[in-house]
Structure formats: structure tokens, C-alpha cells
Amino acid sequence: MPHETLTTLLWLAPLPPILAFAVIALFTNRYRQTSSTIAVLAMVASLVMSFIVFFNVWQMKDLGKKPIGGQIGWLPTGETVLNIGVAVDPLGATFLFMVPLACTLIFIYSVGYMAADPRYTRFFAYLSLFAGSMMGLVVSDNLLTLFIFWELMGFCSYSLIGFFYQKPSAYKAAVKAFMTTRVGDMLLLLGMVYLYAETGTLNFHAILHSEEVLNKLAATPAVLGLGISAAGLIAILIFGGTVGKSAQWPLHVWLPDAMEGPTPVSAMIHAATMVSAGIFMLLRFFPLLVASGEHGTAFTLVGLIGAFTAFLGATIAVAQYDIKRVLAFSTISQLGFMVAAAGIGAYVAAAFHLLTHAFFKALLFLASGSVIHGVEHGHHHVSHAGHSGHSSHSGQSGHEHDGHGRHDRPNGHDGHDDHGSHDAHAFDPQDMRNMGGLRSRMPITFVTFLIGGLALAGFPFITAGFWSKDEIFADAYYHGLVKGDGLAALVFLVLVVSALLTAFYTMRQIAMTFLGQPRTEAAAHATESVPSMTFPLIVLAVFALFIGFINIPPDFPVFGALVGGGAFWLKNFIASMLLEKPEPLAFNIVPVLFSIGVALGGLALGWFVYVRNPLQAGQTDPVEKLPVFNFLYNRWYWDELYRKIFINPLQAIADNYARVVDKGVIDRILEGGYALGARVTKGFAEFDRVVITGFSDAVGRFFRSLGDWGRELQSGQVQNYLLSGLVMVIAILVFFLFLFQ
Amino acid sequence: MNLLNTNLLSVITYLPLVGMLLVLVTPANQTRLIKWGSIAFSLIPLGLSIAAWAGYDRTVGGYQYLESMVWFPQINSVYKVGVDGISLPLVVLTCFLTPLAMIFSLNIEHNPKAYFALFFLLQTTVLGVFIALDLILFFLFYEVSLVPMYFLISQWGGANRRYASFKFILYTMFASLGMLLAIQVIGLASKSFDITYLESSLGRPFTGNNQVEFFGWDPTVWKAIAFIAFSIAFALKIPIWPLHTWLPDAHTEAPTGGSMMLAGILLKLGGYGFFRLVMPLFPDVFSQPVLPGLNVFGAPLNYSVLLALLAFLSILFGAFAAWGQTDFKRLVAYSSVNHMGFVALGIASAGLALTPNSTVREIDATIAGSGAVLQMVTHGLSSAAMFALVGVVYERAHTRDLTKYGGLWTIMPIYGAVLIFCAMGSLGLPGLSGFVSEFMVTRGAWSVHTLLTILSMAGLLMTGIYILKAIQKVLHGPLGEEWRHHPLPDMNFSEILGIAPLMGAMLVLGVWPALALNVINVGVQGLLR
């Protein structure tokens with residue numbers, strides 16, 4: 001297909017969902033069926049256009065050197081114009097495949113999942129804008145429009161996390177997500193203006209594929225005498241955006257709370273799109289990291305933060321009970337894997353894991369939504385049959401009607417939560433302690449969740465997660481333990497431990513949710529979800545199993561031969577993004593053994609603890625016996641720390657600033673000046689009365705007193721003072737005479 | 001039609017006076033006629049201002065639609081008007097906001113005749129400031145614009161209106177005194193009040209042949225005095241911390257339409273004054289030290305740094321103050337201090353480039369200056385919208401106390417959506433116009449005042465907090481007990497009619513900023529040459 005056509009498709013690809021948002025918000029917001037149909041069709045249109053582009057470029061070997069796209073002038077700046085545009089390069093192309101596919105499946109899932117929600121159309125409006133923004137971000141050929149869509153996604157995620165806005169926990173989580181990511185966004189904004197000021201452009205290709213520009217940035221010392229290069233500082237500032245959006249320590253705190261949103265949103269935000277966007281941008285700027293120095297500050301920072309976050313998330317996930325929160329911390333941890341990989345220079349491995357993770361984590365979130373849905377259903381079935389008396393004063397409507405719309409509220413009640421009358425009966429359908437034995441009740445959900453879980457754990461050979469995690473291990477091992485790079489060695493060790501924990505908490509989650517016997521009546525009466533929800537699970541499960549085959553090392557025993565010429569497709573494809581092609585690593589059995597060992601070891605540990613002795617109703621979870629349980633359960637107390645050292649002091653300043661400074665100091669001084677001035681003016685007034693007669697109006701006097709003063713300065717030039725005074729007097733007189741008579 | 005060809009700006013400016021006269025001759029009991037008639041009439045200047053916009057030749061730039069008449073020969077003052085790329089957007093903004101502010105004044109019950117007459121007078125005086133190219137003319141319009149605003153606050157304002165209106169007029173008039181003096185000195189030095197002449201290298205006050213020595217003081221001293229006098233007058237209007245304390249009182253007490261004009265237009269007089277007078281008349285003062293020997297971080301503290309520092313403090317403290325408010329309107333009022341700080345930051349950055357042989361690159365200064373002008377326009381849109389929305393909910397709930405609202409989105413779905421849209425515009429969400437201008441100011445200022453730009457980001461961060469606080473307190477949470485039994489109606493047709501153009505303008509300028517920047521850019525480039 002001609003490049004012009006592809007460029008047109010790139011311009012058009014983000015539009016359908018954005019238009020769907022506008023149409024739903026303005027016109028069809030009262031028509032549920034119409035709205036969701038519009039949203040899904042728009043997403044499919046976007047998918048089709050993206051796929052056409054992807055399948056036209058996926059075999060182009062030099063796409064990174066010559067991305068396809070077009071530009072228009074957007075921002076006039078003096079003699080020049082800042083261009084914006086769209087482009088597809090290898091990294092963007094892989095996202096053009098993954099993002100619309102995942103989004104479409106999530107849209108279809110939402111039709112079933114949100115079916116009973118009263119604000120169904122609003123949900124699809126936000127979801128569409130979200131998807132359109134992510135598409136816009138993917139096709140952007142410059143940092144400015146990437147940032148614009150990045151922020152729009154931030155707004156959508158704020159709106160969707162706070163979708164159940166009547167619930168305090170929901171809107172608090174929304175504000176927290178917005179503000180925490182905004183910290184990163186401010187750094188990103190600074191990085192952007194810095195980059196723009198230094199290079200005069202924000203086009204990715206012009207900056208990141210030009211040796212000249214990169215060398216210049218590397219040779220320029222950073223502002224403020226920080227002792228690093230401009231390239232290093234810009235990379236760090238831009239990485240700040242990644243830290244916020246991809247929930248890396250120390251800005252990771254928003255993501256777990258963001259689980260307040262409806263579950264499809266979690267899949268969208270926390271797997272396929274928004275958090276991926278952070279890594280996507282980091283990978284885009286990878287050449288800048290390289291330019292800032294192989295062992296420079298920027299690389300070290302990225303590697304350390306990634307590794308620490310991977311470990312932090314994995315440890316916290318071990319001690320959570322909320323099914324979605326386990327996944328949330330798992331996401332934080334897995335994103336840490338990718339960041340750490342980027343930090344040790346494993347560009348392809350990071351991109352690979354980003355892709356596989358998007359599929360299996362979206363699957364896990366959607367499957368967990370299905371679980372919650374089923375348990376909710378079981379709970380309502382039970383409470384309706386057995387405890388109907390309790391629901392008689394719930395007010396608006398019977399449980400059987402709006403039950404579906406409530407599954408995201410931990411208490412199982414809608415706006416009435418806040419009355420407290422139901423709190424005694426609070427049932428949390430997301431608490432894994434309330435589950436168990438769902439395997440037989442929800443077979444499709446179980447199998448797909450199992451596939452997603454095994455992929456997350458990195459179960460050898462048959463799951464995508466194994467291949468991508470193994471790739472990271474291979475790189476870290478090679479650089480760290482073969483070549484002797486300290487950072488890479490550290491990253492390798494931390495990631496190995498984290499991967500072990502990952503496999504363990506995954507097994508714990510699968511066992512607590514699906515295996516053993518039901519621990520509550522609700523779990524015993526859970527039902528499988530509707531086909532519109534299970535279909536996306538099945539499709540995603542296929543990808544969670546097989547997407548790993550896009551990047552199998554050619555010399556990997558058996559599998560390398562199996563894929564033949566398709567080996568290292570991803571690596572060969574996206575390597576042209578970099579100026580220097582990454583050196584191919586020879587196959588090394590040691591990291592593979594580590595990879596297999598920690599996956600199977602963690603799963604086995606989970607098996608011994610949770611499958612051999614399934615948790616019984618009322619029984620304490622074995623992890624609570626760990627001495628660090630409270631520390632982990634409370635997420636290492638980061639939230640409390642931030643509240644103490646940032647939020648509370650700032651709040652105190654805000655609450656008192658206006659009263660103390662504005663009223664207490666500034667106005668006092670000015671009032672003092674006024675009192676003094678009034679006294680002086682009075683003196684002038686006495687003087688005036690003697691010297692000049694005629695004007696006696698207050699304002700006239702005011703100006704004339706000035707005129708007298710000025711006369712000493714410039715004799716005979718008082719006309720305009722008088723003129724000003726006159727106009728004032730006349731104006732005031734006119735209005736007093738005519739208007740307020 | 002000949003009049004339109006030769007005197008378009010004067011026609012635009014004085015048409016509202018015709019409107020005022022029409023209102024005054026309409027019987028006072030015809031309130032519907034007065035209100036809707038005024039709105040309809042105010043569309044004429046809007047149409048003409050758009051025509052002026054369309055007809056402005058951006059390839060040539062400079063002042064266009066010039067008119068010049070002998071006016072006050074005794075003191076060398078002429079009636080001279082014209083617009084360039086800096087004033088034209090503000091003329092259009094004024095004509096755009098006036099009918100919208102009038103729509104949000106439809107609920108005025110007390111003496112609407114006087115109210116709408118004053119509104120027209122306000123429009124004329126503000127337009128006069130933007131088109132004036134003579135210092136005396138400029139000052140006249142500038143001062144007279146206070147009068148209608150004073151009455152709008154004192155007659156139709158809230159409970160504390162006397163104090164607020166008095167504070168407003170006294171502060172502003174007091175700050176103008178210095179400017180008046182400075183205008184006199186400039187007139188004596190350059191023997192002219194013609195701004196185009198004063199801007200030229202020949203007419204620039206206190207340079208070349210225009211050096212004066214009063215009291216035996218050096219011309220540079222007079223230059224500094226005049227610079228400071230102008231700067232204080234305009235800084236108070238913008239307003240820049242710590243000269244801002246009149247603003248929360250005046251904005252909060254003014255009626256909704258008055259607040260919209262005050263925040264939307266009158267604050268812009270300050271920023272405009274810097275662009276029209278301070279920067280071209282005193283191009284080299286920005287780089288001069290405030291006090292010899294006073295250093296900050298090893299560099300001498302010059303006027304540009306001082307202004308940027310105060311801009312940063314405005315951004316920071318404006319955000320803190322807004323965050324701490326429990327009165328919805330006061331929160332929005334303080335948000336102006338926060339946002340207008342970016343105008344000041346842009347001015348400080350662009351101003352430094354004016355000094356001959358400045359190290360500031362022209363591109364940085366152009367972007368900062370254009371960003372500051374655009375910020376004036378976008379803040380005009382978003383703050384007017386926010387005040388309008390405060391008015392909508394106040395009229396229904398009869399309270400501005402944020403702690404008393406809650407969950408209103410459930411019963412006012414349209415209002416909720418509109419409020420979120422406009423609040424996001426105010427927050428600077430990309431896709432809406434506020435982002436573009438803040439981005440440009442940040443970009444331009446980065447190269448000039450790096451550290452202060454970085455610090456200002458802390459203020460921008462907190463912009464998010466107070467905006468989200470407002471949204472949350474009004475819309476989110478369970479529906480307040482009071483409103484369960486006393487339901488509040490959603491926005492009505494005229495309110496939607498009044499807010500929709502603001503939303504549209506925010507969106508259009510956010511998506512396609514070149515629409516405004518094509519003209520602004522030309523104006524700022526002309527200034528910097």
C-alpha cells in the first residue's frame with residue numbers, strides 16, 4: 001500500500017473513538033444500546049485501520065530508519081513553526097497491533113460487565129476517549145502530541161477511577177491518581193521544554209535518530225551546573241513522566257487505589273494502555289539514555305528504580321487479599337521489570353515484556369472482573385433467598401435488578417454505603433478469603449485466569465511471560481555476571497527474587513480463588529459470566545500463550561528450530577529504532593535455568609502452602625504468620641509516610657496562607673499605608689480649599705492634590721490632571737444623577 | 001459603510017456607548033427588552049471585531065486600522081488608535097465576553113437598566129484601552145474603566161460589596177498615580193504622547209535627544225522611576241503577588257457578570273500595559289540591577305529576575321490560597337492569581353530579550369511573549385467560564401460554601417459535565433487552550449529563568465489540587481442532605497447558551513492554537529524587533 005495511504009490511516013486511526021466520545025456525550029447519552037454500539041464500532045474501525053498499517057509494515061527491516069508518516073505546522077513560534085504529526089516506526093507498529101486489539105476486547109467485555117450500571121453511556125464515553133487518546137499517543141511522531149494524549153488519558157483515568165463518584169474512596173482514589181501522576185507529568189513537561197529549547201524540535205525521529213543531535217546533547221552540560229550532560233538531565237526528567245504514569249517507586253502509590261474504578265478500566269489503564277504508555281515513552285527515548293552514557297546517572301537511576309519497584313511490588317502482592325489489588329501490585333512489579341531492563345540496556349527485552357505483559361495482565365484483570373461478577377451474583381442470589389429482610393430498606397430498588405451494577409463496590413451497596421445501615425452486612429466480593437472453589441462454578445474464567453497466571457509466573461515454554469522474562473534475565477545475566485557490570489548484576493539478582501515471589505503470589509491467588517472448597521455461600525453460588533465477557537478472555541488467553549513466539553532466540557534448543565525464520569522477529573523488527581543494533585547474545589543455559597527454576601520454584605512453593613492444604617473458611621492465611629506481614633499488608637507504609645511529610649504540611653500551608661499572609665500581613669501593611677495616606681490627603685484637602693476653589697468633589701480633590709504636587713515639577717501642565725479628574729467627576733455625576741435617582 | 005472602512009476601531013469601541021444610550025432611553029419597566037436587547041446589541045461590536053480580526057494583514061504586522069485626529073494640541077496629545085497582534089486578540093476577547101457576561105446577568109433584578117448601561121460603558125472603556133495609541137488617551141480609558149466596575153460591585157455585589165468595591169477602586173487608583181506621573185515625565189522628555197513615536201528609537205523617552213534632568217537627577221534615574229511606576233500600576237492589575245489582595249475581595253463580591261468581566265478582561269489591562277508600554281518604552285531596564293550589589297544565586301538581581309520571582313510567588317501562593325478556600329467563588333478568584341502569574345513569567349522572560357545585545361535568544365523571547373499573550377486570552381475564557389458556573393450553582397443553592405455542596409452531579413448532570421470541562425480548561429488540560437499558553441510560557445521562560453521556571457512547576461502542580469478539590473466538593477460524594485429535599489434544577493437554556501461559546505473557544509484554541517497565534521506571534525515579533 002502506498003505510504004500516503006498509510007499516513008492517512010495513521011491520522012485517522014485515533015479519531016473514531018474520540019468522535020464516539022463526542023457523539024455519546026452530546027447526543028446519545030440517553031440511549032444505552034446505541035451508545036455502547038457506537039463505542040464498540042468506533043473501536044473496531046480504529047482496530048481495522050491500525051491492523052492495515054501494521055500488516056503493511058511488519059516486515060519492513062528499515063522502518064526505524066525511515067518511519068512512515070506526515071506532519072503539519074501547529075504552533076507558530078517566531079519565524080518558525082513547531083510541527084506535529086503522525087508516524088509509524090517499529091515500536092509504534094507493535095503498539096498499533098496490541099493497543100487496539102486489547103481495547104476492542106475490553107470494550108466488548110464492558111458491554112456485558114457494565115450492563116446494569118445506571119451510568120452505562122457515560123462509561124462508554126470515557127472509555128472511548130481513553131482509547132482514542134492511547135491511539136493518538138501511539139501514532140504521535142513527536143513528544144508534544146504524545147504529552148497531550150498522555151494527559152488526556154490521565155484525565156480519563158481520573159474520571160474512570162472516580163466513576164462511582166458518590167463513594168468517597170472512589171473520588172479520593174481518582175484525585176490521588178491524578179495528582180500523583182501529575183508530579184511525574186510536571187517533570188516530563190520540564191524535560192519536554194528543555195529538549196525543545198536545546199534542539200528546536202520535538203520530533204522523535206529528528207532527535208533520537210540523529211547522531212549529531214544526540215552527540216550535541218551529550219556534549220552540552222546540563223543547566224544549573226548539575227554536573228551531568230543535557231542528554232542525561234532530559235532523559236531523567238522524561239523518565240520522571242514514566243515513573244508517574246507507570247507507577248514506579250516513589251510515585252507508585254496511586255495504582256493500587258485506582259482499583260476503585262470498574263474492572264474493565266483496570267484492565268485498560270493498568271495493563272494495556274496507560275501504564276504501558278510510560279514504558280513506551282521510556283523506550284522511545286532509549287537512544288537519549290544511550291547518548292547520556294553507558295554507565296551514566298540516567299541509566300543507573302532507571303535501573304535502580306526499576307529493580308527496586310519490581311521487588312517492592314512483588315513483596316506487597318504476597319500479602320494482599322483483594323483480588324484486584326494483588327494484580328495491581330503485580331503490575332507495579334512487572335512494570336519495574338521492564339524499567340529495570342531498560343536501565344541495563346536491554347531495550348528489546350523491555351519492549352518484549354511490555355507486549356506480553358499487556359496481554360496476560362489485561363486477561364488477568366478481566367478474568368478477575370469475571371470472578372468478582374460471579375461472586376457478586378452468588379452473593380445476591382444468597383442474600384435474596386436467605387436474607388431478603390436485610391435488603392428491604394435499601395431504598396431505590398431490589399437487588400436482583402441493580403445487582404449487576406454494583407460489583408465494583410466492595411460493600412455491595414450503591415450510594416447507600418454512606419448511610420452505614422448496611423455496613424454490618426458488608427460483603428466484599430473482591431476479597432479472596434470470600435472465594436475458593438470457583439473452578440467448577442466458573443470453568444472458562446478459571447482456565448483463562450490460570451493461563452494468565454502461568455504467563456505472569458513465567459511458566460516455561462508454553463506461556464508468553466516465560467519468553468519475555470527470560471529475555472530480560474538473559475540480558476541481565478550477560479551484562480552483569482558475564483561482562484561484570486555491577487548494576488546489571490544487581491538487577492539480575494533482584495529480578496530473580498522478584499520473579500520467585502511473582503510465581504508464589506500467583507499460585508496463592510489461583511489457589512485462594514479457584515481451588516479448594518468455597519469459603520462463603522456467595523462463592524458456592526457463583527455463576528459463570530455471559531459470553532460477551534468470556535469471549536474476550538478466551539482471545540486474550542490465546543495471546544497470553546503464544547505471543548511469546550514473536551521473539552524466540554534462534555539458538556534456543558528445540559523452540560529456535562521450531563519457529564525457524566520467525567526467530568527474533570521482534571528484535572529484528574524494532575532494532576532499527578536504535579542507531580546501534582544491539583549485539584546478539586549467544587544462547588546461555590544459565591539464565592534459562594534460573595528463569596525456569598524461579599517460575600517452577602515459586603509455583604511449587606505456592607502449591608505446597610495453598611493447594612495441598614487449601615484455606616478453610618475462617619482459617620488464617622499462612623502468610624499472616626510472617627513477621628513482615630503487617631509491613632507488607634500496609635504496603636511498606638509509603639502512603640502514611642507521604643501523608644506525613646508532604647500532604648499534611650502542604651495542606652496546612654494552604655489552609656492558613658490566605659488568612660495569615662494575605663489578610664494578616666499584606667493587607668495590614670496596605671491598610672496602614674491607607675491610614676497614613678488618608679491623613680496626608682486631608683492635609684492637601686485643607687490646602688486646596690484655601691488655594692483653589694471650585695471643585696469640591698472627593699475624586700476631583702484626589703486628582704487635584706496630585707496636580708498641585710506635579711505643578712512644582714512642570715509648571716503649566718496641569719490640564720490633563722484636571723481633565724482626568726473632570727472625566728471621573730462627570731462620569732460619577734452622570735451615574736448618580738441618571739441611574740440612582 | 002465608509003465609516004467602517006476608515007474608523008472601524010472607533011466604531012467598535014463607541015458602539016457600546018450607543019447601546020448604553022439606548023438602554024438609558026428604554027423605560028425601566030421593560031426589563032426583558034433591556035436585557036435581551038443589550039445582548040443582541042452587543043453582538044454588533046463582536047461581529048465587527050471578528051471582521052477586524054479577519055481583515056488584519058498578518059504578513060505585514062504592526063499597527064493597523066490606524067486613526068489619528070487632532071485632539072488636545074496644547075499638550076501634544078492626539079486621538080490616535082490602532083491595533084497590532086497583541087491588542088487585537090484582546091479586543092476580540094472583550095467583544096466576545098461581553099454578550100456572554102450579559103447572558104449571565106439576566107437574573108439581575110435590581111435596576112437592570114443601570115446595570116446594563118454600566119456594562120456597555122465598561123466595554124467601551126476597556127476597548128478604548130486596547131486600541132489607544134496615545135498615552136493620555138490610554139490613561140483616560142484606563143481610569144474611567146474603574147468607574148463602571150466600581151458601581152457594578154458596589155450596587156449589585158454580595159454582602160461585603162462596600163468594602164470590596166472601595167478596596168478595588170482605591171488600590172487601582174492609587175497604583176495609577178505613579179503611572180500618571182510617569183506619563184507626565186515621558187511627555188516632557190519626548191514632547192509627545194504618541195505611543196508609536198515613543199516606541200521608536202527616535203522617540204523613546206530618556207534616551208538620545210529625549211534625556212531630561214529634573215531636580216538634577218540623571219535620566220536613567222527617571223527612566224527607572226517611570227519603569228517602576230508603570231510596572232506597579234500594571235502589576236497590581238494583573239495582579240502579581242503581593243499586590244493581589246484586592247482581587248479575591250472584588251471578584252468574590254462582584255455579581256456573576258461583573259466577575260466574568262473583571263477576571264476575563266480587566267486583569268488583562270495589566271498584562272497588556274506591560275506589552276504596550278513597559279516593554280517597548282523601557283526595553284533596556286529589564287536587565288538593570290534593582291539595587292546595585294544585590295545578588296541572587298551569584299547573579300545580580302535585575303528587574304526581569306525580580307518580576308519572574310514575583311511571578312513564581314504568584315503562581316505558588318495563588319495555588320496555595322485557592323486550595324485553602326472553602327468559598328467556591330473565592331477559590332476561583334485566587335485561581336486568577338495562580339494563572340496570571342504565567343503571564344508575568346512570560347513578560348519577565350520576553351522583556352529580558354529587549355536589552356540590546358541580550359544573550360536571550362529571540363525564539364525563546366517570542367515563545368514566552370506569545371505564550372503570555374495567549375495565556376491572557378485563555379485565562380479570559382476559562383476564568384469567565386468558571387465564574388459563570390459559580391454563579392449558576394450559587395443562584396440555585398444560595399451558598400458558595402464548598403462544604404455545603406456535594407454530589408450535585410447526580411441531580412445536575414449537564415452542570416457536572418460543563419463544570420468538569422471548564423475546570424479542566426482552567427487546569428490546563430492539553431486539548432484545551434490553557435495548556436498551549438502554559439506550555440509556551442514554560443518553554444520560553446526555561447531558557448531565560450530556568451530555576452524559577454522549575455520552581456513554578458510546583459505551583460502548576462498545585463493548580464491540579466485546587467481544581468480537583470472544587471470538582472470534588474461540588475459534584476462528588478453523596479448528595480448533600482439539604483439537596484435531597486430541595487432539588488436544584490439543572491442548567492437552563494440561557495445558561496448553556498452563555499457557557500457553550502466559552503467551551504467551544506477553549507476547545508478550538510486548544511486543538512488549533514495557530515488560529516490565535518498567527519496574529520499574536522506577529523505582534524510579539526514586532527515588539528521584540
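These legends walk through several close-up views of a predicted model.

**Figure 1. Chain A at a glance.** Let us begin with the whole of chain A, which holds 31 helices and two strands. Of its 741 residues, 58% are buried. Contacts in chain A often link distant parts of the sequence: among those between residues at least 6 apart, 76% join residues at least 24 apart.

**Figure 2. The largest nonpolar core and Leu495(A).** This core has 469 residues, and Ala362(A) and Leu495(A) are the ones with the most contacts inside it. Helix H17 of chain A, residues 347–386, gives the most to this core, with 20 residues. Which residues does Leu495(A) contact, leaving aside its neighbours within four places in sequence? Look for Ala307(A), Ala310(A), Phe337(A) and Ala340(A), together with Ile472(A), Phe473(A) and Ala476(A).

**Figure 3. A covered helix, H12 of chain A.** Helix H12(A) spans residues 263–272 and is mostly covered, with ten of its ten residues buried. Reading along H12(A), the buried residues are Thr263(A), Pro264(A), Val265(A), Ser266(A) and Ala267(A), followed by Met268(A), Ile269(A), His270(A), Ala271(A) and Ala272(A).

**Figure 4. Helices H20 and H24 of chain A.** Two packed helices are described by the angle between their axes and the distance between the axes. In this view, H20(A) (residues 443–457) packs against H24(A) (residues 531–546) at an angle of about 30°, and their axes are 9 Å apart. Angles under 35 degrees count as roughly parallel, so H20(A) and H24(A) are roughly parallel to each other. Their crossing is left-handed. From H20(A), the residues that meet the partner helix are Ile444(A), Thr445(A), Thr448(A), Ile451(A), Gly452(A) and Ala455(A). From H24(A) come Thr534(A), Leu537(A), Ile538(A), Ala541(A), Ala544(A) and Leu545(A). Sorted by class, the residues of this contact are eight nonpolar, four polar and no charged.

**Figure 5. Helices H13 and H16 of chain A.** Here the angle between H13(A) (residues 274–284) and H16(A) (residues 323–343) is about 5°, with the axes 11 Å apart. H13(A) and H16(A) are therefore roughly parallel to each other. On the H13(A) side, the contact is made by Val275(A), Ile279(A), Leu282(A) and Leu283(A). H16(A) answers with Thr331(A), Leu335(A), Met338(A), Val339(A) and Ala342(A). The contact of H13(A) with H16(A) has eight nonpolar residues, one polar and no charged.

**Figure 6. Helices H17 and H19 of chain B.** Moving to chain B, we find H17(B) (residues 413–427) packed against H19(B) (residues 450–475) at an angle of about 170°, with axes 10 Å apart. Do these helices run roughly parallel or roughly antiparallel to each other? Angles over 145 degrees count as roughly antiparallel, so that is the description for H17(B) and H19(B). H17(B) brings Gly416(B), Leu419(B), Ile420(B), Ala423(B), Ser426(B) and Leu427(B) to the contact. H19(B) brings Thr463(B), Gly464(B), Ile467(B), Ala470(B), Ile471(B), Val474(B) and Leu475(B). By class, this contact has nine nonpolar, four polar and no charged residues.

**Figure 7. Val129 in helix H5 of chain B.** Val129(B) sits in helix H5(B), residues 112–131. Because 28 other C-beta atoms lie within 10 Å, Val129(B) is buried. Not counting residues up to four places away in sequence, Val129(B) touches Phe138(B), Phe141(B), Tyr142(B), Ser145(B) and Leu269(B). The C-alpha atom of Val129(B) is 9.4 Å from that of Glu143(B), 14 residues apart along the chain.

**Figure 8. Where chain A meets chain B.** In this view, 58 residues of chain A are in contact with 63 residues of chain B. Several elements of chain A each supply at least two residues to this side, including strand E1 (68–77), helix H6 (143–161) and helix H29 (638–691). H7(A) gives the most, with 14 residues. The side of chain A that touches chain B divides into 40 nonpolar, twelve polar and six charged residues.

**Figure 9. Gln325 of chain B, in a loop.** Gln325(B) is found in the loop between helices H13 (303–324) and H14 (328–352) of chain B. With 25 other C-beta atoms within 10 Å, Gln325(B) is buried. Leaving aside neighbours within four places in sequence, Gln325(B) is in contact with Arg330(B), Leu331(B) and Tyr334(B), and also with Ala658(A). Tyr466(B) is 141 residues away along the chain, yet its C-alpha atom and that of Gln325(B) are separated by 8.8 Å.

Technical notes: Residues are numbered from 1 along each chain as its sequence is written. Chains are lettered from A and ligands numbered from 1 in the order in which they are written. This is a predicted model: local features need pLDDT of at least 70, side-chain atom pairs count only at pLDDT 80 or more; totals for chains, interfaces and linings use all residues. Axes are lines fitted to C-alpha atoms, for helices over the stretch in contact, and angles run from 0 to 180 degrees between N-to-C directions. Helices (H or I, at least four residues) and strands (E, at least two) are DSSP runs, numbered from the N terminus. Angles under 35 degrees count as roughly parallel, over 145 as roughly antiparallel, 65 to 115 as roughly perpendicular and the rest as oblique. A crossing is left-handed if the near helix is turned anticlockwise from the far one by less than a right angle, and right-handed if clockwise. Two residues are in contact if their C-beta atoms, placed from the backbone, lie within 7 Å. Ala, Val, Leu, Ile, Met, Phe, Trp, Tyr, Cys and Pro count as nonpolar, Asp, Glu, Lys and Arg as charged, and the others, Gly among them, as polar. A residue is buried if 20 or more other C-beta atoms lie within 10 Å of its own, exposed if 12 or fewer, and partly exposed in between; C-beta atoms are placed from the backbone. A nonpolar core is a set of buried Ala, Val, Leu, Ile, Met, Phe, Trp, Tyr and Cys residues joined through C-beta atoms within 7 Å.
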